[in-house]
Amino acid sequence: MDGQLNDPTKGSKSWTAEMCLPLEEYVKYEEGVNNPPRQGDYWRINFARVEWKVKTEREGGTEVYVKDEAEPAANWVFQPTGVANMHLPERWGYAYFSEEAVKVTDEEGGGDSQVGGEKEGPRDPRWPVREALAQVYEAEKIYDALYGHAVSYTDSLNALVLQGHLSDHIAQGFCAGVPVVRRTEGGGFEATVRSLDVPGVIGHVSEERRMWFTREDGKEEGALGVGPLAGQQQPEDQQQAASKGSGGGQKRNRMLRL
């Protein structure tokens, strides 16, 4: 750090922290994920920081920092989730792995010409399906919480829409196929959505929050950034459709270049 830690008399200007992520733990339950990641792979990722405001007090003749309990915490996040909850991986941003140089502009450094390689990675062609599945999952959980386990989940999109839990653009299949929900044994559900951008790919989500992809032949589709979908660039009109983000109409997920 630049300065002295926890010493108001000397102060400090900045700090940096470094951490290591055990990648093998993140791919343990995923089929077909590269470890280490390869060119063109992308994973979901998010970062958060909770900052409490501090004030100075004297303790035993020494000036120290203490948390200001009267002030609320400031929550900083890489990709906003829309609620004060980071445990929503379907709302996280993306980490795109590339060996290409990042394209920057001289304007960012004082000029206006572009230098370097890519400005950003390709959009996830399955994003519209992921967004639709995530919204159906959240709508079903709200429905279940409101009406109790005597009713539990529903296989009616109309019920979810009329109660205000599911948006019309998802239920009508504007950006991906119309969701199909079936109730499963044991009181659960499984929702499926067909991709409009990648032929033959179908997304699934269950009440356990597991999301997976299959092909029309029933075989499980590769994970993020693996197989025929990796690095696949969409036409501009499909990119715009895929960029609505959680809740519809919001900006698309942020992308972190690694």
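Okay, a definition to start: two strands pair if DSSP finds at least two bridges between them. Helices (H or I, at least four residues) and strands (E, at least two) are DSSP runs, numbered from the N terminus.

Now, provenance. This is a predicted model, where local features need pLDDT of at least 70, side-chain atom pairs count only at pLDDT 80 or more, and totals for chains, interfaces and linings use all residues. Residues are numbered from 1 along each chain as its sequence is written, and side-chain values use heavy atoms, with hydrogens and water left out.

So, the overview. We have five helices and 15 strands in the chain. Of its 258 residues, 38% count as buried (under 20% relative accessible area; exposed is over 50%, partly exposed in between, 1.4 Å probe, protein chains only). Take contacts, meaning heavy atoms within 4.5 Å: among those between residues at least 6 apart in sequence, 53% join residues at least 24 apart.

On to the sheet I want to show you. It's an open one with four strands in the order 11-12-13-14, and the pairing is antiparallel. Strand 11 and strand 14 (211-215) sit at the edges with a single partner strand each, so one side of each has no neighbour in the sheet. Neighbouring strands are turned by 25° against each other on average, direction ignored.

Let's walk across it. Strand 11 (residues 180-184) pairs with strand 12 (residues 188-194) over five bridges, in the antiparallel sense, and Thr184 is opposite Gly188. That hairpin has three residues between the strands, and Gly186 takes a positive phi near 90° there. Next door, strand 12 and strand 13 (residues 201-206) run antiparallel, joined by five bridges; Arg194 has Ile202 in strand 13 as its bridge partner.

And what packs on this sheet? Helix 2 does, touching strand 11, strand 12, strand 13 and strand 14. Its direction makes about 155° with that of strand 12, with axes as lines fitted to C-alpha atoms, for helices over the stretch in contact, and angles from 0 to 180 degrees between N-to-C directions.

Helix 2 covers residues 127-147 and reaches 30 Å from first C-alpha to last, close to the expected 30 Å (1.5 Å times one less than its number of residues). In helix 2, 15 of the 21 residues are buried, so the rest of the structure largely encloses it. Right after it comes Gly148, with a positive phi near 80°.

Last bit, cysteines: Cys20 is exposed at 71% relative accessible area, while Cys175 is buried at 16%.
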